[in-house]
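This report concerns salt bridges, a pocket and a surface patch. Please consult the sequence and the coordinates alongside the text.

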Amino acid sequence: MTAPPDPALVAELASALAAVRARIAAACVSCGRDPASVELVAVGKTQPVEAVRAAYAAGQRVFGENYVQELVAKAAACADLEGLRWHFIGHLQRN
């Protein structure tokens with residue numbers, strides 16, 4: 001069983017996510033684009049699984065990784081989080 005994320009970290013991430021989403025919405029409005037057409041992908045590079053879980057608790061549902069090994073490990077560790085989606089970003093590494 002996984003421990004719940006730190007409430008202070010969840011609050012900090014929720015505030016940061018709200019600020020980023022507000023900037024996205026403002027940029028969309030300024031160029032006549034629907035803000036709902038933009039999807040925020042949080043990059044978990046070098047972050048522990050606990051940080052992904054905290055961001056999920058703060059409302060983030062889409063994450064990206066640029067190392068296959070990290071994506072596979074984090075996706076497995078977060079398999080219980082409903083609605084969580086992963087993207088592979090960047091170039092495939094040879095290692």
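The paragraphs below treat the salt bridges, then the largest pocket, and then the exposed nonpolar surface.

**Salt bridges**

The model is a predicted one. Side chains of opposite charge can pair when their charged atoms come close. The structure holds four salt bridges, and the table gives three pairs, including their closest N and O atom distances.

| Acidic residue | Basic residue | Closest N and O atoms |
|---|---|---|
| Glu39 | Arg85 | 2.6 Å |
| Asp80 | Arg53 | 2.5 Å |
| Glu65 | Lys74 | 2.8 Å |

What does the salt bridge between Glu39 and Arg85 tie together? Glu39 belongs to the loop between α1 and β1, whereas Arg85 is part of strand β3, so this pair ties together parts that are 46 residues apart in sequence. Glu39 is partly exposed, at 42% relative accessibility, and Arg85 is also partly exposed, with a relative accessible area of 39%.

A salt bridge is also formed by Arg53 and Asp80. This pair links distant parts of the chain, 27 residues apart: Arg53 is in helix α2 and Asp80 is in the loop between α3 and β3. Is each partner buried or exposed? Arg53 counts as buried because its relative accessibility is 11%, under the 20% limit. Asp80 has a relative accessible area of 53% and is therefore exposed, the cut-off for that class being over 50%.

Glu65 and Lys74 form a further salt bridge. Glu65 is buried, with a relative accessible area of 0%, and Lys74 counts as buried at 5% relative accessibility. Glu65 and Lys74 are linked with Glu70 in a network of salt bridges.

**The largest pocket**

Rolling a probe the size of a water molecule over the atoms shows where empty space is left. In this model the largest pocket has a volume of about 210 Å³. Its lining consists of 13 residues, and those nearest the centre of the pocket are Leu13, Ala42, Val43, Ala55 and Phe63.

Which element gives the most to this lining? Helix α1 does, with four residues. At least two residues of the lining come from each of α1 (7–31), β1 (42–43) and α2 (49–57). Sorted by class, the lining of the largest pocket comprises eleven nonpolar and two polar residues, with no charged residues.

**Exposed nonpolar surface**

A nonpolar patch on the surface is formed by Val68, Val72, Phe88 and Leu92, which together have about 370 Å² of accessible area. Val72, placed in helix α3, is exposed, with a relative accessible area of 51%. Leu92 lies in the segment after β3 and counts as exposed at 63% relative accessibility. The C-alpha atoms of Leu92 and Asp34 are 32 Å apart in space, while the two residues are 58 residues apart in sequence.

Ala79 occupies the loop between α3 (68–77) and β3 (85–88). Ala79 is exposed, and its relative accessible area is 63%. From the C-alpha atom of Ala79 to that of Leu17 the separation is 22 Å, with their positions 62 residues apart along the chain.

Notes. Residues are numbered from 1 along each chain as its sequence is written. This is a predicted model: local features need pLDDT of at least 70, side-chain atom pairs count only at pLDDT 80 or more; totals for chains, interfaces and linings use all residues. Side-chain values use heavy atoms; hydrogens and water are left out. Buried means under 20% relative accessible area, exposed over 50%, partly exposed in between (1.4 Å probe, protein chains only). On a 1 Å grid over the protein atoms alone, a cavity is a set of points where a 1.4 Å probe fits but cannot get out, and a pocket is an open set with protein on both sides within 12 Å along at least five of seven lines; lining residues have an atom within 4 Å of a point. Grid points are joined across faces, edges and corners, and a volume is the space filled by probe spheres set on the points. Ala, Val, Leu, Ile, Met, Phe, Trp, Tyr, Cys and Pro count as nonpolar, Asp, Glu, Lys and Arg as charged, and the others, Gly among them, as polar. Patches are made of residues with over 30% relative accessible area and no salt bridge: like charges are joined within 9 Å, nonpolar side chains (Val, Leu, Ile, Met, Phe, Trp, Tyr) within 5 Å. Accessible areas come from the Shrake-Rupley method with a 1.4 Å probe; for residues, only the protein chains shown count as cover. A salt bridge is a side-chain nitrogen of Lys or Arg within 4 Å of a carboxyl oxygen of Asp or Glu.
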